[in-house]
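Open the model in your viewer and keep a selection box to hand. The stops below follow one after another, each with something to select and a note on what is there.

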Amino acid sequence: MNTLILAAEGEINPVLPHTSEIILGLVAFLLLLFVMKKFVAPRFEALYAERAAKIEGGIEKAEQAQVEAQKLLEDYRAQLAEARAEAARIRDDARIEGEQIISELRAKAQEESARIVAQGQTQLETQRSQIVAELRGELGRLAIDLADRVVGESLEDEVRRRGTVDRFLADLDGTSAPAAK
């Protein structure tokens, strides 16, 4: 077996380290392990715990933000529904007010129309009365002239003339009244 470890007699095997190197490497490793456990590992643990706390705090904050956002969304929806109801109420009020204004204007227009028609009828009646009076006077003169020619005597007397004209017109109204009915 010695022959396998040693490459040649008297030569040291380059693959197998010296015993002193193995001991020195073991001591250095143990020293490095001690330093790592004493100083580096606690530092890593503290950083890990800090980071885990930050992550958990971030998750907790995110959950709180989610709850707050949900509450704000519900408030927004409630305000939106309230605004829609208010807009509908305003629309209904405006429609009702518009209908009232239209009915008031319609009533005023009908009153004005009735007033204009009444005024027109009054004016027509006045004009009719004037025309009838003028026609009676003209008809009276024509009737007197005609009667003068037919009778052959003068109807100059005012009282007599009026009586004759009134009688003639009454007869004329009497004959035209049944035809008008």
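**Start with confidence**

Colour the chain by pLDDT: among its elements, helix α1 (residues 2-5) has the lowest mean, 45, and helix α2 the highest, 90. Now select residues 1-7, where the pLDDT is below 50. Beyond near neighbours in sequence, this stretch has three contacts in the model. Where pLDDT is low, the predicted coordinates should not be read in detail. This is a predicted model throughout, with a chain average pLDDT of 84. A score of at least 70 is reached by 85% of the residues.

**The whole chain**

Zoom out and switch to a cartoon view. Three helices and zero strands make up the secondary structure of the chain, and the order from the N terminus is α-α-α. Show the surface next. The exposed area is about 16,200 Å², of which carbon and sulfur atoms supply 61%. How much of the chain is buried? Of the 181 residues, 4% are buried.

**The annotated transmembrane region**

Select residues 22-41. An unreviewed UniProt entry lists this span as "transmembrane region". In the model the span is 100% helix and 0% strand, and 26 Å separates its end C-alpha atoms.

Within the selection, pick Leu26, Phe29, Leu30 and Leu33. Together these residues make a nonpolar surface patch of about 400 Å². Centre on Leu30, which lies in helix α2. Leu30 counts as partly exposed because its relative accessibility is 48%, which falls between the 20% and 50% cut-offs.

**Pro42**

Move along to Pro42, a residue of helix α2 (residues 19-151). Is Pro42 buried or exposed? The answer is in between: Pro42 is partly exposed, at a relative accessible area of 40%. Display its surroundings and leave out the neighbours within four places in sequence; Pro42 then has contacts with Met36 and Lys37.

**The annotated coiled-coil region**

Select residues 59-93. "Coiled-coil region" is the UniProt annotation for this span, again from an unreviewed entry. The span is modelled as 100% helix and 0% strand, and its end C-alpha atoms lie 50 Å apart.

**Salt bridges along helix α2**

Turn on side chains for Asp, Glu, Lys and Arg. How many salt bridges does the structure hold? There are seven, and three of the pairs are visited here.

Begin with Asp93 and Arg89. Their salt bridge brings the closest N and O atoms to 2.9 Å. Why look for these partners along a single helix? Asp93 and Arg89 are four residues apart in helix α2, so about one helical turn separates them. Asp93 is partly exposed, with a relative accessible area of 38%, and Arg89 is partly exposed as well, at 41%.

Next select Arg95 and Asp92, whose side chains form a salt bridge at 3.5 Å, N to O. Both residues belong to helix α2 and sit three residues apart, about one turn of the helix. The relative accessible area of Arg95 is 45%, which makes it partly exposed; Asp92 is partly exposed at 35%.

Go on to Arg115 and Glu112. Here the N to O distance in the salt bridge is 2.2 Å. Arg115 is partly exposed, with a relative accessible area of 44%, and Glu112 counts as partly exposed at 36%. Because Arg115 and Glu112 are three residues apart in helix α2, they are separated by about one helical turn.

Finish by returning to Arg89 and adding Glu86 and Asp93 to the selection: salt bridges with shared partners join Glu86, Arg89 and Asp93 into one network.

Key:
Residues numbered from 1 in each chain as written. Predicted model: local features only at pLDDT ≥ 70, side-chain atom pairs only at ≥ 80, totals over all residues. Heavy atoms only, no water. Helix = DSSP H or I, 4+ residues; strand = E, 2+ residues; numbered from the N terminus. Buried < 20%, exposed > 50% of the residue type's maximum accessible area, 1.4 Å probe, protein only. Contact = heavy atoms within 4.5 Å. UniProt positions renumbered as here; feature names shortened; annotations may be inferred. Salt bridge = Lys/Arg side-chain N within 4 Å of Asp/Glu carboxyl O. Patch = residues over 30% accessible without salt bridge, like charges linked within 9 Å, V, L, I, M, F, W, Y side chains within 5 Å. Areas by Shrake-Rupley, 256 points an atom, 1.4 Å probe, with all protein chains shown as cover. pLDDT = per-residue confidence, 0-100.
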